[in-house]
Amino acid sequence: APTAQYASDSTPAATQSSTSILVNITMSDALSGNAGINMWIYNSSTNALIDSSSCGLTSFCAFTKNGLPTGTYFYNGSAQDNAANFVYLTARTVTIDATAPSGITFVAPTEADSVTVSRNWYYVNITFTETNPAACRLDNGTLNISMTRSGTNCFINQTGQGQAAYTYKVFVNDTLGNIAASASRTITLDTTTPSFTLASPT
């Protein structure tokens, strides 16, 4: 029977942001010689065949499927020698996540946009939708500050702030590097008591 294996450049069994899957199989048969290699890519959810390729009388065969949408796929292949012996390779599962986090929403106790408050801190709290969440960062126009994340909720309390108007947004990224940004909000911190002067003829 022939021997066959995935070449090192074949897409690994993992989660990736790339929308391409590369299948590359090498084979050998010292007795009767190489007859052919077959390769298949399937949708894991439906087991539907997405694409296939084959090569005859060769020691290797490779093909790439591009433009796959977000989802889970698996691929496998077989090799045949000239004595009609087959060997089948173990399937590899590849999950594609090319979708950035979505639905970033400010929730309480985040203040509404363009408000003025009498204190030296402000709180930012957001929720979002993402299968593989990684991190959130608050961009206040000067710094990108790491936020605390719990699932698809991120929050931070910016304490000890000076009196000023602060415009901020939140960036959310997933484990594959897809990133999205919230809308901007502005909050003004003003803790100074108004002063006045009595004027004549008081």
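A residue counts as buried under 20% relative accessible area, as exposed over 50%, and as partly exposed in between. The exercises below concern a predicted model.

**Exercise 1.** Classify Ala 84 and Asn 47 by accessibility, and describe their backbone.

*Solution.* Step 1: Ala 84 has a relative accessibility of 49%, so this residue is partly exposed. Step 2: Asn 47, with a relative accessible area of 52%, is exposed. Step 3: although Ala 84 is not a glycine, its phi is positive, about 70°; Asn 47, also not a glycine, has a positive phi of about 60°. Step 4: Ala 84 belongs to the loop between S7 and strand S8 (86–88), and Asn 47 to the loop between strand S4 (34–43) and strand S5 (49–56).

**Exercise 2.** Locate the cis peptide bond that ends at Pro 109.

*Solution.* Step 1: the bond runs from Ala 108 to Pro 109, with omega near 10°. Step 2: Pro 109 is in the loop between S10 and strand S11 (115–117).

**Exercise 3.** Describe the largest nonpolar core and the surroundings of Val 124.

*Solution.* Step 1: this core has 20 residues, and Val 124 is among those with the most contacts inside it. Step 2: strands S12 (122–129) and S17 (164–174) are among those that each supply at least two of its residues. Step 3: beyond four places in sequence, the residues that Val 124 touches include Phe 106, Leu 138, Met 147 and Val 170.

**Exercise 4.** Characterise the largest pocket.

*Solution.* Step 1: its volume is about 160 Å³. Step 2: of its 13 lining residues, Thr 70, Asp 97, Glu 130, Thr 131 and Asn 132 are the closest to the centre. Step 3: the lining comprises two nonpolar, nine polar and two charged residues.

Terms used:
Residues numbered from 1 in each chain as written. Predicted model: local features only at pLDDT ≥ 70, side-chain atom pairs only at ≥ 80, totals over all residues. Heavy atoms only, no water. 1 Å grid on protein atoms, 1.4 Å probe; cavity = no way out; pocket = protein on both sides within 12 Å on 5 of 7 lines; lining within 4 Å. Points joined across faces, edges and corners; volume = space filled by probe spheres on them. Nonpolar A, V, L, I, M, F, W, Y, C, P; charged D, E, K, R; others polar. Core = buried A, V, L, I, M, F, W, Y, C linked by side-chain atoms within 4.5 Å. Buried < 20%, exposed > 50% of the residue type's maximum accessible area, 1.4 Å probe, protein only. Helix = DSSP H or I, 4+ residues; strand = E, 2+ residues; numbered from the N terminus. Contact = heavy atoms within 4.5 Å.
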